[in-house]
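Walk through this fold with me. We begin at a loop and finish in the sheet.

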Amino acid sequence: DAKEDSIKIDSVSTSVLDGTTYYYLKSNNKVYRASIKVNETVLPFIKTGDTITITYKEGKLNEIIKIK
């Protein structure tokens, strides 16, 4: 089940896996991961302190499937 939440970004990291850039967003000791394909106009510009609304699938790594 997908969940929606507003999160305040504590830190941002990136990684490239198989040619796709992934963004790792940390908020309140939770880590969220989003592929650049989720929102290529927003993800590259997210910075520490920003608040974003996301839809994600909960798991060991919370996978973001939508950014508003």
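Asn28 has a relative accessibility of 68%, so Asn28 counts as exposed, the cut-off for that class being over 50%. The model is a predicted one. Asn28 sits in the loop that links strand 3 (20-27) to strand 4 (30-35).

Its backbone deserves a look. Most residues other than glycine have a negative phi. Asn28 is not glycine, yet its phi is positive, near 50 degrees.

What is the phi of Asn29 near? Its value is near 65 degrees, again positive in a residue other than glycine. Asn29 also lies in the loop between strand 3 and strand 4. With a relative accessible area of 71%, Asn29 is exposed.

Now follow the chain into the sheet. Strands of a sheet pair through backbone hydrogen bonds, either parallel or antiparallel. Here six strands make up an open sheet, and the pairing is mixed. Read across the sheet, the order is 1-5-6-4-3-2.

Which strands stand at the edges? They are strand 1 (2-8) and strand 2 (11-17). Each has a single partner strand, so one side of each is left without a neighbour in the sheet. On average, neighbouring strands of this sheet are turned by 40 degrees against each other, direction ignored.

Strand 4, on the far side of the loop from strand 3, pairs with strand 6 (residues 62-67). The sense is parallel, and the pairing runs over two bridges. Arg33 takes part in this contact: its bridge partner in strand 6 is Glu63.

Conventions: Residues numbered from 1 in each chain as written. Predicted model: local features only at pLDDT ≥ 70, side-chain atom pairs only at ≥ 80, totals over all residues. Heavy atoms only, no water. Helix = DSSP H or I, 4+ residues; strand = E, 2+ residues; numbered from the N terminus. Buried < 20%, exposed > 50% of the residue type's maximum accessible area, 1.4 Å probe, protein only. Pairing = 2+ DSSP bridges. Axes fitted to C-alpha atoms, helices over the stretch in contact; angles between N-to-C directions.
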